[in-house]
Amino acid sequence: MNALNNVARGSKKIVIIGGVAGGMSAAARARRLSEDSRIIVLERGAHVSYANCGLPYFVGGEIGSKNKLLVATPPDLESKLNIEVRVHSEVIDIDTASTAVTIKDSQNNIVYGETYDELILAVGASPIKPGLQGIDLPGLFTVRSVEDAESINKWIEEFKPSTAVVAGGGFIGLEMAEQLVQKGLKVTLVDGKEQVLAPIDREMASLVHSELQENGIKLVLGASIEGFLAPDSLKNQSPPKSCFVKAANHEPIPADLVILGLGVRPETGLARKAGIAIGERGGIKVNDKLQTSVDHVWAVGDAIEVLNPVNEKMALIALGGPANRQGRLVADNIFGANKTYKGTLGTAILRVFGLTAACVGLNETALKEAQIPYQMVYVHPNDHASYFPGAERLDMKLLFHSESGKLLGAQIVGAQGVDKRIDVIATAMKAGLTIDELADLELAYAPPYGSAKDPINLLAMSAANVLAGLIEQVHWNDMNAISRDKNNCVIDVRTKKERDRGYIDGSTHIPISELRDRLSEIPTDKEIVVYCQSGQRSYLAYRILKQLQYKVRSLSGGYLTWSAGSKVKESRSSVFA
Ligand SMILES: Cc1cc2nc3c(=O)[nH]c(=O)nc-3n(C[C@H](O)[C@H](O)[C@H](O)COP(=O)(O)OP(=O)(O)OC[C@H]3O[C@@H](n4cnc5c(N)ncnc54)[C@H](O)[C@@H]3O)c2cc1C
């Protein structure tokens, strides 16, 4: 039975702090559930209900006007939903004993109080601005609000910058880097880690590195930002260099514009002050109904800690989808639905020029940290039938539990069809499907869209073979040591044409079509590792040799994964059978 059939209707005064993703979703749902409740949204900024996910594209010009970002304005919300929206209204205090908040109205310069029956904290997160030298210099911007994007646009218009540094290679940093390149700026991206996009593993991120570099972005990786210098000699230049970015072990990088994409921190100041419990990860602590430690106070969005169902640990996951769904759930629960928030898998996606990168669940680093035994497979199928024009390669990685086969995470990079595949895996993870069930999914197929065995089926079949012991694998990062070891014999089973384009040092070439006839060349006293371009033909080679009692393993993902991980240049167009 639908829980909301039993919702106890009633008039409540609901006060919501924060009027964007989580807050406005809660407000709209609350109104639909209760026509006679009073709903007040308090927002310290100038706008509510705006698309902060669209901000980079507003800076780049792909979204042509600010109005397009404003999903709903206060008058819309008042007239359609009868929600009282107060902008420029910052809540500066919560008195949970008297169930009241104190509001500073910066437009009218007044401070006043408002009581509540139910209070929702949807206060979001704030961009991290480390206390580095020069952090307050002009020309340095964070990207969180419409005002931030407008300030960047104003700077670009006024000073016509030609160089930019994006500090931080996370999702927002990469979106901004792409957009600034499209605006004609010369962009350097600096990150303290050796890779961009920390949620995906290094070999997958390296595909994104190539795309960034091919589009003119200079990558400075493994170089933590140490500060921002404004050399006097440049003060009077036009356009002014806003600063030089100082990164560890790197000469100062000149920048007319700097974007700080160094991550976000949950906004917890107000909650802490009110004595609302903060969790172990530094976000507002909520239970599975999204109630805080204080009665009648709820919290949603980037400000809260959520359960990561993969490692069953609390996590900070700042994403728009979860914030919206949490807002809706809280409104339901306020009206008695008693719904449970089951956690956030961290499904995320990003366009980087011609590529899309997406992930869900945990990556290898997180699985190791959580001490979860895992295995993984890589496949590189085309996004749709190879014989149909326009097929593009997908690079896919699936992580699964070594014993149970439970899905633990996935990462996909490709030119097209990535969104569909990551969402199928996210759905499968949510539903608790096994590898075999994922392999057995019936997915839509016609040549322009997929293959009779969809890339998802192939990925899962490959994992199922590992679990069933039908193949023993090695991975890209073991390969160099394996090929150096005299006790091993590495065999490249690709065609001559493929090998001519590059191969793993120390490997012997025996194309798959000749393998059965050239068995005498394969030593019986060594461990054999076979590889091909993507891992498909080496699986066949593995099966042939295994059945002949060779001690053999196959390189998962083949030369494509090895070359990505080893940073060997390999064209994306290299799609082989
Ligand atoms: C540039 C950018 C791009 C993004 N792209 C994506 C994307 O592509 N996909 C994705 O899933 N997520 C994306 N996100 C993340 C997503 O926008 C956030 O996860 C989501 O907005 C969080 O919702 P929220 O309601 O918790 O916080 P927010 O949407 O940030 O809203 C919080 C609001 O609370 C207000 N507030 C805070 N304190 C107070 C106070 N004391 N009084 C009154 N008001 C207060 C703030 O002013 C703010 O407007 C992006 C974020 C940014 C900044």
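In this predicted model, D454 counts as buried, at 1% relative accessibility. Its side chain meets that of R421 in a salt bridge, with an N to O distance of 2.8 Å. D454 lies in the loop between α12 (435-439) and α13 (455-467), whereas R421 belongs to helix α11 (residues 418-431), so the pair ties together parts that are 33 residues apart in sequence. R421 is likewise buried, with a relative accessible area of 1%.

The structure holds 31 salt bridges. Side chains of opposite charge can pair when their charged atoms come close. One such pair joins D500 to K496 at 2.9 Å, N to O. These two residues, D500 and K496, are four residues apart in helix α15 (residues 496-500), and therefore about one helical turn separates them. D500 is exposed, as is K496. Another salt bridge connects the side chains of R86 and E84, with an N to O distance of 3.1 Å. R86 counts as buried, at 18% relative accessibility, while E84 counts as partly exposed, at 22%. Both R86 and E84 take part in a network of salt bridges that also links K13, R38 and E114.

The ligand is surrounded by 29 residues, of which the closest are G22, E43, R144, D302 and G320. By class, this shell comprises 15 nonpolar, eight polar and six charged residues. Several polar atoms of the protein approach oxygen atoms of the ligand. A backbone N or O atom of G22 lies 2.7 Å from a ligand oxygen. In the side chain of N52, an N or O atom is 2.8 Å from an oxygen atom of the ligand. A polar backbone atom of G320 is 2.8 Å from an oxygen atom of the ligand. Taken alone, the ligand exposes 990 Å², and the protein buries 89% of that area. The elements that give two or more residues to the surrounding shell are α1 (21-33), β4 (89-95), α6 (171-182) and α9 (320-334).

A search of the whole structure finds zero disulfides. C53 is in no disulfide, and the nearest cysteine sulfur, that of C359, is 15 Å away. For C359, the closest cysteine sulfur is that of C53, and no bond is possible because 15 Å is too far. As to solvent accessibility, C53 is exposed, with a relative accessible area of 56%, whereas C359 is buried, with a relative accessible area of 4%.

Terms used. Residues numbered from 1 in each chain as written. Predicted model: local features only at pLDDT ≥ 70, side-chain atom pairs only at ≥ 80, totals over all residues. Heavy atoms only, no water. Near = heavy atom within 4 Å. Polar contact = N/O pair within 3.5 Å; in protein donor to acceptor, adjacent residues only side chain to side chain. Areas by Shrake-Rupley, 256 points an atom, 1.4 Å probe, with all protein chains shown as cover. Nonpolar A, V, L, I, M, F, W, Y, C, P; charged D, E, K, R; others polar. Disulfide = S-S within 2.5 Å. Buried < 20%, exposed > 50% of the residue type's maximum accessible area, 1.4 Å probe, protein only. Salt bridge = Lys/Arg side-chain N within 4 Å of Asp/Glu carboxyl O.
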